[in-house]
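Please consider the sequence and the fold shown below together. The account that accompanies them proceeds from strands to a helix and then to the nonpolar interior.

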Amino acid sequence: MNWFTRLFKKTPPPTSSAPTNIAAKNANIPVEIPGVTPPMSRLKQSLPPAELKQFVPLRNLDDAHLAALPRQTLRYAKHSVIFTFDQRTDSVFYLVRGRLNMQPDSDSSYEIVANTPRAHLPLNSATRCGATATALDDVLILEVSIELNRLWSDHCRESTSCVELVDIELPESLNGHQFFISFAQAYRENQLRLPSLPDVALKLKEAMRKEIGIADAVEIIQLDPPIVAKLIQVANSALYSTGNSIHNCHDAVSRIGLNATRNLVLGISLKQLFHCKDPALMKAMQALWRSSLYVSSLSFVLAQACSRINPEDALLAGLVADIGAIPLLHFAEHFPDASPSLEELQASLTYLRAPVGTLVLHTLGFSETLTGIPPLAENWLYDSGSELTLSDIVMLAKLHSYFGSGKSRDLPYICSIPAYAKLSEGKLNPDFSLSVLQKAQARVQAAMQLLS
């Protein structure tokens, strides 16, 4: 049974309360929530498939499934309150017409305008509303069962666990380019030039699948003096230093820890993969490395600040999120006359990150958890479950890395994604994003220096 079929399979009723409840409405049971304005009208199945396909992830359903998907549109008058901050819900809401003011648990608010990229994303984050939504005009709201999010996440999990080489779907703007046609064919036929890790990193990764001690790990690491020097530097950095300097590999591994050492050795080794002979492509590769370092550093800091996830695991996960770009740049190096512009290469990453990144990490022998990071790193609507996971941390780090950039205009507000809703204990607050990075700026810089 595929994930679309499961959409219409009967499921137990949700136990949480909700601002609106499709099941209750279908039974003509009114649902009233304090502080929330009842809609002026409700229309079931009113939007045609063509209009529904502007919304994410509804656009991934075909016309037949969209037509059968239980949904309704709600009309509200100006000044109506659609839902309130931190309210539980069993529905996903989208803005179809008008404007909304979104007030999170913060001094600042933001505005959502219909028919803009951000209006095509859900207004609420999974089972919690990250802001109070107030109508600035007469508005039309699309309400869909939250089962859509659950099934989308099931679909994503199925995709990340599959390493079968299939056709890469590219947008029309790239699909007619011979370079991308050749790249997709090379991927499908497993002919891409894939990077390999240095011997020391491979030997340490394999050895740690067994029960080994610090002395065994040191014996392997000492085969690569540059890595030894970097580990000693890391052990004496602000992230690990206890005030006493150390000067040998054994003491460095003892201070950092065996598992953290493995992740750092892998991270240090990954830098060697970001290399091209062509000067222009090498600049792109260096920019990719710096970006990966930044996401890795943010992942480290966020894991340390707001989760029980091992920060060193988060550091490595953030570092491999965009590893799928390496074979793409290597492929471009062999097509100097037909290769696309750097802007086109960058644009293609949205579509290549998942399949190629997964293939690279699978080939390098990384764990299933890390192999699933590239497809999930920017899958903002993915919900891994009730607990914050490694993929959630990388996703939050990715979103933070775009703050202040031009790309941020088309991205969801952080309080509207499922990963952010899992930050409990008062952290469901946009000001948290700024404060945690300000307080941890020294840690970010130190983490970046670890792998620079």
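The following paragraphs describe strand pairing, one helix and the nonpolar cores.

This is a predicted model, in which local features need pLDDT of at least 70 and side-chain atom pairs count only at pLDDT 80 or more, while totals for chains, interfaces and linings use all residues. Residues are numbered from 1 along each chain as its sequence is written, and side-chain values use heavy atoms, with hydrogens and water left out.

Strand β8 spans residues 139-145, and 6 of its 7 residues are buried. Here, buried means under 20% relative accessible area, with exposed over 50% and partly exposed in between (1.4 Å probe, protein chains only). Strands (E, at least two residues) and helices (H or I, at least four residues) are DSSP runs, numbered from the N terminus. Two strands are taken to pair if DSSP finds at least two bridges between them. Strand β2 (residues 71-76) pairs with β8 in the antiparallel sense over 6 bridges, and strand β4 (residues 91-97) is likewise joined to β8 by 6 bridges, running antiparallel. Residue E143 of β8 is the bridge partner of Q72 and also that of F93.

An open sheet of 4 strands follows the order β3-β7-β5-β6, with antiparallel pairing. Its edges are β3 (81-83) and β6 (110-113), each of which pairs on one side only. Within this sheet, β5 (residues 99-103) and β7 (residues 132-135) are joined by 4 bridges, and L100 has A135 in β7 as its bridge partner.

Turning to helix α8 (residues 199-207), the buried residues are V200, A201, L204, K205 and A207. Viewed down the axis of α8, these buried residues fall within an arc of 165° and so line one face of the helix; the arc is that of the directions from the helix axis to the C-beta atoms. Their cover includes α9 (214-221), α10 (225-235) and α12 (258-270).

A nonpolar core is a set of buried Ala, Val, Leu, Ile, Met, Phe, Trp, Tyr and Cys residues joined through side-chain atoms within 4.5 Å. The largest such core has 126 residues, of which L100, M102, L123, I141, I221, L231 and L396 touch the most other members. Helix α13 (residues 279-306) gives the most to this core, with 13 residues. Leaving aside residues up to four places away in sequence, L123 touches F83, F93, Y94, L95, L100, M102, I112, I141 and S416, where contact means heavy atoms within 4.5 Å. A second, separate core of 15 residues includes L66, V92, Y94 and L148.
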